[in-house]
Amino acid sequence: MKRMIPFVLSVLSSVSFASAQKSNEATTLLQQYVAIDTSNPPGDTRKTADFLTAIFRREGIPVTRYESAAGKSIVYARLKATVSPPAGKAIVLLHHMDVVPADRGRWRTDPFTPTIKKTDRGVGTPGVSVRGAGAPGVSVRGVGAPGMSDDLWARGAFDMKGQGVAHILAFLELKRQGVPLARDVILLAEPDEEVGGAMGARWMIANHYAELDPEYVIDEGGVGSPDLFAPGKLVYGISVAEKKIVWLKVRAEGIAGHGSQPNDQNPNDRLVKALARLLEDRSPERLALRPNQTPALRPNQTPALQPNQTPALQPNQTPALRPNQIPALRPFQPSGPSIVDVMRANIGTFAQNKFTNAIQRSTIALTWFRSGVGEPPKINVIPSVAEAGLDCRVLPGTTKDQWMEEVRRRLGDPSLKLELINESDDPIVTPHDTPLYRNLEAAIKSRHRDALVSPILIPYGTDSNAFRPKGVKSYGIFPAIVSAEAVASMHGDAERVPLDAVTEAAQVLFEALRETLKK
């Protein structure tokens, strides 16, 4: 045993030194990356493409740039398989370079001047063992423990440049260590994700799919967290599916006039009342309307409709159907348990927060309201038009047409116009019984043996949804420990990422890739 102590200390010392080097490199790269403003709109990624291209060229890695449109640069770097023939199709490490705009007036720091601040983790992971890479059986306290962390605050720190740096470091480490590659590995950095991906991932798929043609994609989506998924449990969620995006505009038209003489054709009045009907009932049965559910009906409770009237349902009510009329949401019979059912079986009781709420039901968020005449709007003028924007995220199994009919029914005013602004592809679920998923899980558990790893559904959209219809197995994971508060900071005015999380994510990704790339 005495002979083992110097050996263990030596291993831990070398691991600590290597980790410190990676931590310094991660910090430097992320500081440089987030300092480049790629707010979308306009989403100009030329400078970030210059930055990434220079990194890969210094490392002797072949890199290609594509321009999908003016200012929309795409970076494509590839490590070729070292065996012939390759054992399979490529693995793509995918991240987006664009970020959402930031309101500088609401930030405590400049969103494009990276600032490192000590942040109280708020929650810890008591009892979680963190194993140093290369030191089997040695448990050390560290990542995820209660206390203070060094967080980098900046727009894009979490979404998604911090994760991009983790991809870059794992990719570079494959090259630096000369890891034998049984298949190609591609790092793809693209623009336009924050506005739908038409000039980013979708453009590459439409125009250069032969240069990609992957078996796997690793993208954003899930994380490891001690409080996001379940209270008091360290859970790593690997996203295998996402909700369908349905963005809608509701338009009310009426009669303009003088504000001193109200009329019953004021579009503001009608739109506000309709939106209240749409949003007021937040009970699970109403807001969820899951694909395999319809509202419960008590015996003999079928209120008749007046002509052209579709009032919002009260709980446990459903309108009588007119001839040839079908319910807005037909029952959907899944072939097996849903991803949320799998999550619940793996994780247990969900934490109560906006993330877990959103993955269990189809949701509607009123995101903008536009009305008035003039700029600024005249207070004594009744306008002739009022509009509102609805960000709808719909559970797998419900189509766009079904959902729009449901929204019309809830609005309860057939004179309103409902327009589709954007929709994502219908969700496809990636299987989680694959070598890459198992290797991601193993790499996580080698560090955190008590962690729960589960496939998850995510409430937001990613570029993975463009690859899944091509048969690509797409996994979304930032494999490091972050709090629910840090996750909630993305797109906000306090966006940040723990620097040790970026380093850990890079190490976990490297280990999972190394194992997957063995022939």
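## Exercises on a predicted model

Thr 27 lies in helix H1 (residues 4-34). Helices (H or I, at least four residues) and strands (E, at least two) are DSSP runs, numbered from the N terminus. This is a predicted model, where local features need pLDDT of at least 70, side-chain atom pairs count only at pLDDT 80 or more, and totals for chains, interfaces and linings use all residues. Residues are numbered from 1 along each chain as its sequence is written, and side-chain values use heavy atoms, with hydrogens and water left out.

**Exercise 1. Decide whether Thr 27 is buried or exposed, and list its contacts.**

Step 1. Set the cut-offs: buried means under 20% relative accessible area, exposed over 50%, partly exposed in between (1.4 Å probe, protein chains only).
Step 2. Thr 27 has 15% relative accessibility, so Thr 27 counts as buried.
Step 3. Contact means heavy atoms within 4.5 Å. Leaving aside neighbours within four places in sequence, Thr 27 touches Ile 116 and Leu 499.

**Exercise 2. Compare the span of helix H5 with the expected value, then locate its buried side.**

Step 1. The expected span is 1.5 Å times one less than the number of residues.
Step 2. H5 (residues 267-279) has 13 residues and reaches 18 Å from its first C-alpha to its last, close to the expected 18 Å.
Step 3. The buried residues of H5 are Pro 267, Arg 270, Leu 271, Ala 274, Leu 275, Leu 278 and Leu 279. They cover an arc of only 150° around the axis, which puts them on the same side of H5. The arc is that of the directions from the helix axis to the C-beta atoms.
Step 4. These buried residues pack against strand S11 (244-253), strand S13 (363-370), strand S15 (385-394) and helix H9 (400-411).

**Exercise 3. Describe how H5 and H9 meet.**

Step 1. Check H9: its 12 residues should span 16 Å at 1.5 Å a residue, and its end C-alpha atoms are 16 Å apart, which agrees.
Step 2. The axes of H5 and H9 come within 7 Å and cross at roughly 115°. Axes are lines fitted to C-alpha atoms, for helices over the stretch in contact, and angles run from 0 to 180 degrees between N-to-C directions.
Step 3. H5 contributes Ala 274, Leu 275, Arg 277 and Leu 278 to the contact; H9 contributes Val 407, Arg 410 and Leu 411.
Step 4. By class, this contact has 5 nonpolar, no polar and 2 charged residues. Ala, Val, Leu, Ile, Met, Phe, Trp, Tyr, Cys and Pro count as nonpolar, Asp, Glu, Lys and Arg as charged, and the others, Gly among them, as polar.

**Exercise 4. Place Ile 359 and list its contacts.**

Step 1. Ile 359 is found in helix H8 (residues 354-359).
Step 2. Ile 359 is buried, with a relative accessible area of 0%.
Step 3. Beyond neighbours within four places in sequence, Ile 359 contacts Val 340, Met 343, Leu 395, Leu 457, Ile 458 and Pro 459.

**Exercise 5. Find where the backbone has cis peptide bonds or a positive phi outside glycine.**

Step 1. Most residues other than glycine have a negative phi, and most peptide bonds are trans.
Step 2. The bond from Asn 40 to Pro 41 is cis, with omega near 10°. The bond from Glu 375 to Pro 376 is cis, with omega near 0°.
Step 3. Phi is positive at Asp 192, near 75°, and at His 491, near 70°.
Step 4. Asp 192 counts as buried at 6% relative accessibility, whereas His 491 counts as partly exposed at 43%.
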